[in-house]
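The exercises below ask you to read a protein model closely, and each task is followed by a solution that goes step by step. Please keep the sequence and the structure in view as you work.

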Amino acid sequence: MSSSRLTPQQVRFINNLAELLGTWSLSTNAARLYGYLQIMNEPVSLDDIARDLEISRSHAHTAARMLEEHGNARGMATRGSKRILYVCGDDPGTPLQRQIAALGAMSKLIAITSVQVATGEAAERLHRLSDFHGRLQQAMQSVTSPSTIGPND
């Protein structure tokens with residue numbers, strides 16, 4: 001019998017979201033924890049996470065650290081204790097900053113070197129690719145800018 005405090009609908013949401021996040025190379029436990037933190041109203045402990053997601057405490061800790069490193073979660077120290085409570089990250093755009101930077105770097109690399117490595121149709125294809133990556137970077141930057149993320153987003 002499960003000791004989780006989650007409803008069947010919450011478990012389904014967490015698992016469905018985790019399946020989608022798997023395409024971003026996020027581990028199953030980290031992806032499930034991401035969904036879990038999104039639906040929690042209060043900070044949660046590793047014990048809460050382990051119980052509700054039915055995973056070991058060490059797997060909960062590993063998943064929480066991974067999410068923290070990427071900006072998807074934030075650990076909060078408990079006053080007078082070594083205990084850490086976890087909440088979802090403050091800025092939903094933070095985890096995308098590496099991808100945004102990579103898109104810009106790809107656009108620049110392709111634009112700068114395309115004339116050195118290709119001619120004709122291949123050079124035109126590289127120009128379109130560079131332009132695509134540059135426009136995608138700009139679009140993602142505009143969406144993840146703190147001034148565009150509001151309470152209704």
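**Exercise 1. Find which side chain makes a polar contact with the side chain of H70, and describe the surroundings of H70.**

Solution. The partner is R98, whose side chain makes a polar contact with that of H70 at 3.1 Å; a polar contact is a pair of N or O atoms within 3.5 Å, where, within protein, one must be able to donate a hydrogen and the other to accept it, and where residues adjacent in sequence count only if both atoms are side-chain atoms. This is a predicted model, in which local features need pLDDT of at least 70 and side-chain atom pairs count only at pLDDT 80 or more, while totals for chains, interfaces and linings use all residues. Residues are numbered from 1 along each chain as its sequence is written, and side-chain values use heavy atoms, with hydrogens and water left out.

Next, place the residue: H70 lies in the loop between α4 and β2, where helices (H or I, at least four residues) and strands (E, at least two) are DSSP runs, numbered from the N terminus. With a relative accessible area of 32%, H70 is partly exposed, a class that lies between buried (under 20% relative accessible area) and exposed (over 50%), computed with a 1.4 Å probe and protein chains only.

Then list the neighbours: leaving aside residues within four places in sequence, H70 is in contact with T94, P95 and R98, contact meaning heavy atoms within 4.5 Å. Finally, compare sequence with space: H70 and L96 are 26 residues apart in sequence, while their C-alpha atoms are 8.6 Å apart.

**Exercise 2. Decide whether N72 is buried or exposed, and name the residues that it touches.**

Solution. Begin with the location, which is the loop between α4 (57-69) and β2 (73-77). N72 has a relative accessible area of 11% and is therefore buried. To complete the picture, set aside residues up to four places away in sequence; N72 then touches Y34, L67, C88, G89 and P95.

**Exercise 3. Work out which residues are linked with R5 in a network of salt bridges, and which parts of the chain the pair of R5 and D52 ties together.**

Solution. A salt bridge is a side-chain nitrogen of Lys or Arg within 4 Å of a carboxyl oxygen of Asp or Glu, and by this rule the count comes to eight. One of them joins the side chains of R5 and D52, at 3.1 Å from N to O. R5 lies in the segment before α1 (8-21) and D52 in helix α3 (residues 46-53), so the pair ties together parts that are 47 residues apart in sequence.

The partners have opposite surroundings, since R5 is exposed at 53% relative accessible area, whereas D52 counts as buried at 3%. D52 also forms a salt bridge with R51, the closest N and O atoms being 3.0 Å apart, and R51 counts as partly exposed at 26% relative accessibility. The network as a whole links R5, D48, R51 and D52.

**Exercise 4. Determine where R125 and E121 lie, and how many residues separate them.**

Solution. Both residues lie in helix α6, four residues apart, which is about one turn of the helix. They form a salt bridge in which the closest N and O atoms are 4.0 Å apart. R125 is partly exposed at 46% relative accessibility, while E121, at 62%, is exposed.

**Exercise 5. Give the order of the strands in the open sheet, and say which of them are edge strands.**

Solution. The sheet has three strands in the order β1-β3-β2, with antiparallel pairing; two strands pair if DSSP finds at least two bridges between them. The edge strands are β1 (44-45) and β2, each of which pairs on one side only.

Now take the pairs in turn. Two bridges join β1 to strand β3 (residues 84-88), and S45 stands opposite L85 in β3. Five bridges join β2 to β3, with A73 standing opposite C88 in β3. The strands β2 and β3 form a hairpin with six residues between them, and G80 in the turn has a positive phi of about 75°.
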